[in-house]
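I opened this model to look up the ligand site first and the aromatic residues after that. My entries follow in the order in which I made them.

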Amino acid sequence: MRVAILHNLRPEQSVGAFPDDMYEEYDTSDTISAICAALADLGLTPVPLVADRQLPCKLQDGQFDFAFNIAEGAGRRCREAVAAALCELLEIPFTGSDALTLAVAQDKAVARRIVSPEVLVAPGRLVEPGSSDMSDFRHLRYPVIVKPNDEGSSKGIGPGAICGSLEAALERCRWLGENYGAPALIEEFLPGVEITVGVCGNGSERRILGVMEIAPADPGMDGNRFIYDVGTKRDWRRRVRYHVPARLPAQTLSIIEASAFAAARLLGCRDLARIDFRLDEHGVPHFLECNPLPGLDPEQGDIVIMCRGSVPYAELVQGIILDAGRRLDIPIR
Ligand SMILES: Nc1ncnc2c1ncn2[C@@H]1O[C@H](COP(=O)(O)OP(=O)(O)O)[C@@H](O)[C@H]1O
Ligand SMILES: [Mg+2]
C-alpha cells in the first residue's frame with residue numbers, strides 16, 4: 001500500500017525568519033523519518049510528499065492508496081483544510097479529520113462557539129484588525145490573554161500576551177495584527193492547572209489516550225502566571241514538568257475526559273486529536289482549543305510525551321492509520 005505522508009517541512013535555516021516562530025507549526029525531517037519508519041513496520045510503503053503548490057499534481061500522479069495527513073498548509077484559518085480537501089477531490093482515503101473540522105478548529109473563536117455551552121470556555125472576544133468599537137471589552141475581567149485567533153504551536157504567545165488592562169490588550173492586538181496578520185482573540189486568563197488530552201478512534205470506539213498536566217518546573221518562580229508559550233515549549237526540558245495522569249481530583253479528571261469527548265464529537269474530530277484545557281481559579285476546566293493534527297515530533301510532541309509510559313511511538317503512529325482504515329472499512333496492509 002503506497003501511503004503519501006503529506007507534510008510541511010520546517011526550513012533547516014529558519015534563523016532570521018520574522019517573526020522568529022514563523023515555522024513553529026511545521027515538521028522536522030526527523031519527525032517525517034520517524035513516521036515513515038513506523039508505517040514501514042506495518043508493511044506499508046510511505047512516500048513523503050511536501051504539501052506545497054505542486055501538491056495537486058503530485059497527489060494525482062503518485063498512485064497513492066492512502067494519505068497520512070499532517071500538513072499544516074499555508075495561509076490563514078483554512079490552511080490545514082487544503083490537503084484534506086484535495087484528498088477528498090481526488091478520492092484518496094486519508095487519515096484524520098476532514099477539511100471542515102480542520103478549518104473550524106484552526107479558527108479558535110469558531111471552535112469556541114461550536115463547543116460551548118456544552119463545554120465551558122473562558123469569556124472572550126474576537127478583535128478583527130482595524131476594528132474600533134471597544135465598548136464590549138470593558139466587561140471582561142482582567143488580566144486577559146491575547147492570542148492570534150488562527151495560529152497554533154503557541155505562535156505569537158509570550159509573556160507579553162498576558163495583559164492587565166484594556167489598553168494593554170488592545171496594544172497587544174495591534175502588535176499581533178502587525179506581526180502575524182492575524183485577528184486576535186482576547187480571553188479571560190485562566191490561572192489554574194493546564195491540561196492536554198489525547199482522544200483517538202471514532203464513534204463508539206473513541207477513547208482517551210491520556211490526560212496530561214503541563215506544569216512549570218519551578219512553580220515558585222512562575223506562580224499561576226505560567227503559560228505554555230513558545231519560549232517555554234522550546235525550553236521544555238528545563239522549564240516544564242509533565243504529569244500523566246494529571247494530579248487532579250478524580251471528579252475533575254472525569255469532567256475533563258467528558259469535555260474532551262464532547263469537544264471531539266461537536267467538532268467532528270476523526271482518528272486522533274489533542275484538546276487543551278485550563279482550570280479557572282475554582283478548579284473548573286475550560287476548553288482552550290482543539291488540535292486535530294497534533295504534533296508527532298518523536299522527542300517533544302505533547303501527545304508523544306503523554307503516551308511515553310503507555311504507547312510506544314510506532315504504535316501511536318500506526319494507530320492513526322489503523323483507526324482511519326477501520327473508519328473507512330479499508331484493510332491496512
Ligand atoms: N484563557 C487562557 N488562560 C490562561 N492561559 C491560556 C489561555 N489561553 C491560552 N493560554 C496559554 O497559551 C497557550 C497556547 O494557547 P492555545 O489556545 O492552546 O493556542 P495554540 O494553538 O497556540 O496552542 C496555552 O497552552 C496556555 O498556556
Ligand atoms: Mg494549544
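Which atom of ligand 1 does a polar side-chain atom of K108 lie 2.8 Å from? I looked this up in what is a predicted model, and the partner is an oxygen atom of ligand 1.

**Entry 1: polar contacts of the ligand**

I then went through two contacts made by the backbone. A polar backbone atom of E188 is 3.1 Å from a nitrogen atom of ligand 1. A polar backbone atom of Y228 is 2.8 Å from an oxygen atom of ligand 1. I also looked up how much of the ligand is covered. On its own, ligand 1 has 540 Å² of accessible area, and the protein covers 99% of that.

**Entry 2: the shell**

I asked which elements give two or more residues to the shell around ligand 1. They are β5 (144–148), β7 (184–188), β11 (272–279) and β12 (285–291). I noted 20 residues around ligand 1, and the closest are K147, S154, E187, E194 and Y228. By class, the shell residues divide into 10 charged, seven nonpolar and three polar. I checked the domains as well: domain 2 (123–188) and domain 3 (191–328) each give at least three residues to the shell.

**Entry 3: aromatic pairs**

Y228 had already come up at the ligand, where its backbone makes a polar contact, and I followed this residue further. I found five aromatic pairs in the structure. In one of them, the ring centres of Y228 and Y242 are 6.3 Å apart; the planes are at 75 degrees, so I recorded the pair as edge-to-face. The cut-off for that label is over 60 degrees.

Where do Y228 and Y242 lie in the chain? Y228 is in the loop between α7 (219–222) and α8 (230–234), whereas Y242 is in strand β10 (residues 240–243). The two are 14 residues apart, and the pair links distant parts of the chain.

Are Y228 and Y242 buried or exposed? I have both down as buried. I also noted that Y228, Y242 and W236 form one aromatic cluster.

**Entry 4: M212**

Last, I looked up M212, which is found in strand β9 (residues 207–216). Its relative accessible area is 0%. Buried means under 20%, so M212 is entered as buried. I also took its C-alpha to C-alpha distance to I303, which is 8.8 Å. In sequence, M212 and I303 are 91 residues apart.

Note on methods
Residues numbered from 1 in each chain as written. Chains lettered and ligands numbered in written order. Predicted model: local features only at pLDDT ≥ 70, side-chain atom pairs only at ≥ 80, totals over all residues. Heavy atoms only, no water. Near = heavy atom within 4 Å. Polar contact = N/O pair within 3.5 Å; in protein donor to acceptor, adjacent residues only side chain to side chain. Areas by Shrake-Rupley, 256 points an atom, 1.4 Å probe, with all protein chains shown as cover. Helix = DSSP H or I, 4+ residues; strand = E, 2+ residues; numbered from the N terminus. Nonpolar A, V, L, I, M, F, W, Y, C, P; charged D, E, K, R; others polar. Domains from an automatic or database assignment. Phe/Tyr/Trp six-rings, centres within 6.5 Å; stacked < 30°, edge-to-face > 60°. Buried < 20%, exposed > 50% of the residue type's maximum accessible area, 1.4 Å probe, protein only.
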